[in-house]
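The following exercises concern burial, packing and charge pairing in a single chain. Please examine the structure before reading each worked solution.

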Amino acid sequence: MQYKNLYFFIGTTAELIKMMPVMQVCWRRGVPFQLVASGQNDIRHSELLPLVGKQAPDLVLFEGEIRKSATSLLLWFFRTFLRSVGLLRRHMRKSPGPSVVVVHGDTVSTVMGALLAKLLRADVAHVEAGLRSFNYLHPFPEEIDRVITSRLADIHFCPNAWSLRNLDRLGGEKIDTGDNTLRDALAIAQSADVPPTHSLAATEGPYFVFVLHRQENLFNERLVRSLVDKAIRQSQKTPCVFILHHLTEVALARLELLERLKAESRIRLVKRLPYMEFMKLLGGAQYVVTDGGSNQEECHYLGKPCLILRNVTERTEGLGENAVLSKLDESVIDRFLADPSIYERVPKPVQVSASEVIVNRLSPQGPGAGAVSGKRN
């Protein structure tokens, strides 16, 4: 089917980062699209919006703060979902015709967008489809979100052959985009002229980046204390840039570790950075210690040694090459930190633009469209 109306349903900053290059291809080709923000994260003033020709989302379903708890997120989901049915229906009626709602990844907003599309009789296109940890509790609720969305999707845009195979038993059109849209986002960030802000100016010389922000890790007191000890010891060899997500800062303060880190001269605490700036920071690091799935992918594209602070990962990028899945095993963590350089790899060249493949399928008649170059089932 050829779609007259494209709706990009975005819930979180991470989703916006990975969908930004797809929307940029639409904008560059003159393919009209609408950006719908669920409000799970506030993306109304993101630095990325001008890169897709927007000053603000076309429709915002929720404005305000969501308390950082599973109960609050669940209440927000149902309240926002119920009030959004009529809101989105009225918005869609302004432009009748075949419509597709494009959702991304594995958040509760991904599920919300897919459910709203089905209620409003639009097709669902799922970008970064088919990733699996095969464990409903790790990561939670992301694995459940992916499974639900896969059952609702009409088009599955899978980043590789492995994720494509994971959907063998499901219906819908399946396309191997040959890569992840995150690689396109990284390329845009690398080519951007990012001003030398204070955060970047103070990271001259060798350093490594440390990211700990997942709730299941931050609520594990023994793990947090152990990792902070390791970060401090490691900083004696190589200075550390320690990223302070809001939840991270709260957890460190609760455990009385924040002041200890502030007292370490070779550890630099940095608030969560805008995407472009963070990519510059990541690009200059010797290696990365993280519990973030997107960081795993970014390090793979950059060829950076990466220690993954998780029990399981739904991503295959870098495993057995530059990335080590720690499974939170102390001995695995210590072996990596003893000599991260052995995991350094030469970045692999880009073979295909996943964003181009996606837009080619969704709007094949758009100006500048080429042939779809992904594998299908």
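R146 has a relative accessible area of 1% and therefore counts as buried, where buried means under 20% relative accessible area, exposed over 50%, and partly exposed in between (1.4 Å probe, protein chains only). The model is predicted, so local features need pLDDT of at least 70 and side-chain atom pairs count only at pLDDT 80 or more, while totals for chains, interfaces and linings use all residues. Residues are numbered from 1 along each chain as its sequence is written, and side-chain values use heavy atoms, with hydrogens and water left out.

**Exercise 1.** Determine which residue forms a salt bridge with R146, and where the two partners lie.

Solution. Step one is the criterion: a salt bridge is a side-chain nitrogen of Lys or Arg within 4 Å of a carboxyl oxygen of Asp or Glu. Step two identifies the partner as D106, with the closest N and O atoms 3.3 Å apart. Step three places the pair: R146 belongs to helix α4 and D106 to the loop between β4 and α3, 40 residues apart. Helices (H or I, at least four residues) and strands (E, at least two) are DSSP runs, numbered from the N terminus. D106 is buried as well, at a relative accessible area of 12%.

**Exercise 2.** State how many salt bridges the rule yields, and describe the pairs made by K230 and K271.

Solution. The count comes to 26 salt bridges. K230 meets E330 at 2.8 Å, N to O. Because E330 lies in helix α14 (residues 330-338) and K230 in helix α9 (residues 221-235), this pair ties together parts that are 100 residues apart in sequence. E330 is partly exposed, with a relative accessible area of 31%, whereas K230 is buried at 6%. K271 pairs with E249, the closest N and O atoms being 2.5 Å apart. K271 is in strand β10 (residues 267-271) and E249 in helix α10 (residues 246-254), 22 residues apart. E249 is partly exposed at 22% relative accessibility. Finally, salt bridges with shared partners join K18, D106, E128, R146, E297, R310, E314 and R315 into one network.

**Exercise 3.** Compare the expected span of helix α3 with its end-to-end distance, and establish whether the helix is enclosed or open.

Solution. The expected span is 1.5 Å times one less than the number of residues. For the twelve residues of α3 (residues 108-119) this gives 16 Å, and the end C-alpha atoms are 17 Å apart, which agrees. Nine of the twelve residues are buried, so α3 is largely enclosed by the rest of the structure. Among the buried residues are V108, M112 and L116. The buried residues pack against β1 (5-10), α1, α2 (70-93), β4 (99-104), β5 and α4, contact meaning heavy atoms within 4.5 Å.

**Exercise 4.** Identify the largest nonpolar core and the helix that gives the most to it.

Solution. A nonpolar core is a set of buried Ala, Val, Leu, Ile, Met, Phe, Trp, Tyr and Cys residues joined through side-chain atoms within 4.5 Å. The largest has 58 residues, and those with the most contacts inside it include F8, Y275 and F278. Helix α1 (residues 13-29) gives the most to this core, with eight residues. Apart from this core lies another, of 30 residues, among them L212, L244, V324 and I333. Beyond its neighbours within four places in sequence, Y275 is in contact with residues including I17, L48, L182 and E298.
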